[in-house]
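Please open the model in a viewer and keep the selection tool at hand. The tour below proceeds stop by stop, stating what to select and what is found there.

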Amino acid sequence: MKKISIVLFLSLLLFTSCSSDDGDGAGQGSDITLTCSPDKVDAPVVGGSYVLNVNCSRGEWTAYADDTSKDWIKVNVSGSTSTQGTVTVTVAANTGTESRSGSVVVKSGAKRVTIPVTQAVPMQVEKSTVYSISKGETLLVGIKASKDFTVKSNDNWISADIVNGVTTGFSTDGPAVRIKTDVNSAMASRTGSVDVMSGAEKVTITVIQNSAEDANIETPAGYRLVWHDEFNEGTTLNSKDWTHEVQNAGWVNHELQTYVNGQADGKRVTELVDGRLHINCFKGSDGKIYSGRVYAKVKEGWTYGYIEASIKLPKGKGTWPAFWMMPVNFRSWPADGEIDIMEEVGYHPDYVSSSLHANAHVHSNGTQVTHEMHCPGAEGEFHKYAIEWTHDKITTFVDGKVQLTYNNRGLGRDDWPYDDPFYVILNLAWGGDWGGSQGVDESALPVTMEVDYVRVFQK
């Protein structure tokens with residue numbers, strides 16, 4: 001009999017527990033009136049704040065965003081101990097590539113009212129920057145938008161309108177912005193923009209048009225010129241595009257030169273002379289060796305492309321000129337990669353090399369990817385050095401002849417850290433682990449590395 005009583009008691013206890021709500025007012029659902037207005041929130045891509053008016057007969061209520069949307073929906077409750085109050089719903093901007101939906105739950109006891117919250121997919125443009133040749137052209141940029149959109153040119157040399165049913169990178173039969181550029185007869189490139197607007201949302205497309213001097217530049221098949229410097233304007237490098245390195249001797253590779261920003265001892269380490277960049281290496285009155293090392297677009301760089309420079313190398317035992325690239329978002333070497341398009345050392349004249357460095361191939365343990373080629377007249381004459389760089393393969397060239405080829409073998413970043421933006425480097429080192437491995441001859445100083453142009457093409 002005692003055992004039966006205990007069983008009955010436990011059963012009654014279990015029944016009581018299961019029949020309760022979540023502890024916030026058992027049995028107080030059916031007799032509570034709870035309403036919200038409006039009964040839904042439809043937020044634009046840019047987000048915003050919305051006020052829900054709450055009426056609750058009980059006078060005690062709360063509200064919260066559901067678990068699936070609490071990262072982008074924030075809720076602030078006011079008057080939750082009164083029969084009337086408000087819920088301020090703040091929806092963050094949608095920076096993703098898809099529309100999203102969630103909900104706000106208003107609760108009093110066991111009574112709940114769910115307010116659906118939806119947000120549109122952000123408008124997307126196929127390209128945020130487009131490039132035009134100096135002669136002018138028509139460019140199409142695909143658009144993805146959940147609502148109607150309009151376009152507006154911000155410059156008088158650009159016109160823009162909307163076309164439908166065209167093939168772009170987004171669709172074979174979709175909408176696009178058609179951008180037309182006028183002829184640029186100036187010797188300087190120019191930059192303008194087109195705004196694409198849908199409701200409160202706006203996306204800007206930057207339009208860069210090359211200068212008139214690019215009209216005679218030979219462009220590789222399938223590519224277009226996106227940046228270049230012919231060194232035809234002024235006497236010093238354009239500081240918007242170029243950055244000087246400043247470092248003391250011994251900074252890397254035990255090199256002997258001191259890199260300065262522009263000049264030292266009253267002399268220029270970089271200067272523009274007769275339409276060419278001169279990188280000068282010389283001995284100062286203080287006995288130090290000074291030289292130049294410059295970076296093109298160091299904060300942006302480029303990802304993939306055909307990059308070419310025409311260079312005349314200096315003569316002299318101890319010289320170590322280079323045309324190469326390093327990653328914009330550099331953290332560690334060689335993990336982030338290094339691309340050497342052209343290097344040469346003075347004690348081995350007219351032999352130019354290309355190399356790639358990564359965790360899986362680096363010169364410090366003899367596993368680097370490298371190739372050397374004899375280039376008669378490299379010292380004292382101009383020759384073209386180039387790289388064609390894609391996701392699948394890197395190939396370097398000397399006067400159009402293949403120097404080095406390396407394929408992306410799909411082995412991961414240790415073997416292929418070359419899918420990130422890299423910037424161009426031009427420098428003239430003196431001595432060091434390689435340039436000075438057979439000594440240096442200071443009687444050769446001063447020496448100059450001359451660069452006729454640097455050109456970057458992309459698909």
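In which sense do strand 11 and strand 14 pair, and over how many bridges? Select strand 14, residues 174-181, together with strand 11. The two strands pair in the antiparallel sense, over five bridges. Within this pairing, Val141 has Val177 of strand 14 as its bridge partner. Strand 11, residues 138-144, is also joined to strand 9, residues 124-125, by two bridges, and these two strands run antiparallel. On that side, Val125 stands opposite Ile143 of strand 11.

**Confidence**

Before the next stop, colour the chain by pLDDT, as this is a predicted model. The mean pLDDT of the chain is 92, and 93% of the residues reach 70 or more. Residues 1-27 have a pLDDT below 50, and beyond near neighbours in sequence this stretch has twelve contacts in the model. Where pLDDT is low, the predicted coordinates should not be read in detail.

**The four-stranded sheet**

Select strands 1, 3, 6 and 5, which form an open sheet in the order 1-3-6-5 with antiparallel pairing. Strand 1 (34-37) and strand 5 (73-78) stand at the edges; each has a single partner strand, so one side of each lacks a neighbour in the sheet. From one strand to the next, the twist averages 25 degrees. At one end of this order, strand 5 pairs with strand 6, residues 84-91, in the antiparallel sense over six bridges. Here Val75 stands opposite Val89 of strand 6.

**Strands around strand 8**

Next, select strand 8, residues 111-119, and with it strand 2, residues 41-43. These two strands pair in the parallel sense over three bridges. Val41 stands opposite Val117 of strand 8. Now add strand 7, residues 100-108, which pairs with strand 8 in the antiparallel sense over nine bridges. In this pairing, Val104 stands opposite Ile115. Strand 7 and strand 8 form a hairpin with two residues between the strands, and Gly109 takes a positive phi near 60 degrees there.

**The seven-stranded sheet**

Which strands stand at the edges of the open sheet of seven strands? Select the strands in their order, 18-25-34-27-28-29-30, with antiparallel pairing. The edges are held by strand 18 (242-244) and strand 30 (369-374), each with a single partner strand, so one side of each is left without a neighbour in the sheet. Neighbouring strands of this sheet are turned by 15 degrees against each other on average, direction ignored. Zoom in on strand 18, which three bridges join to strand 25, residues 293-296; the two run antiparallel. Thr243 stands opposite Tyr295 of strand 25.

**The largest pocket**

Display the surface and centre the view on Asn253, Trp320, Glu338, Asp340 and Glu343, which lie nearest the centre of the largest pocket among its 31 lining residues. About 710 Å³ of space lies in this pocket. Several strands supply at least two lining residues each, including strand 25, strand 28 (338-343), strand 29 (351-357) and strand 34 (422-430), and helix 2 (432-435) does so as well. Which strand gives the most to this lining? Strand 27 does, with five residues; this strand spans 319-327. By class, the lining of the largest pocket divides into 14 nonpolar, nine polar and eight charged residues.

**The second largest pocket**

Move to Ser189, Trp227, His228, Asn238 and Asp241, the residues nearest the centre of the second largest pocket, which has 24 lining residues. Strand 16 (201-209) and strand 17 (224-229) are the elements that give two or more residues to its lining. The largest share, four residues, comes from strand 17. The volume of the second largest pocket is about 570 Å³. Its lining comprises eight nonpolar, nine polar and seven charged residues.

**The cavity**

For the last stop, look inside the model: the structure holds one cavity of 30 Å³ or more. The space in the largest cavity is about 40 Å³. Select Gln247, Asn248, Ala249, Gly250, Trp251, Val252, Glu255, Gln257 and Tyr259 to show its lining. By class, this lining has four nonpolar, four polar and one charged residues.

Conventions:
Residues numbered from 1 in each chain as written. Predicted model: local features only at pLDDT ≥ 70, side-chain atom pairs only at ≥ 80, totals over all residues. Heavy atoms only, no water. pLDDT = per-residue confidence, 0-100. Contact = heavy atoms within 4.5 Å. Pairing = 2+ DSSP bridges. Axes fitted to C-alpha atoms, helices over the stretch in contact; angles between N-to-C directions. 1 Å grid on protein atoms, 1.4 Å probe; cavity = no way out; pocket = protein on both sides within 12 Å on 5 of 7 lines; lining within 4 Å. Points joined across faces, edges and corners; volume = space filled by probe spheres on them. Nonpolar A, V, L, I, M, F, W, Y, C, P; charged D, E, K, R; others polar.
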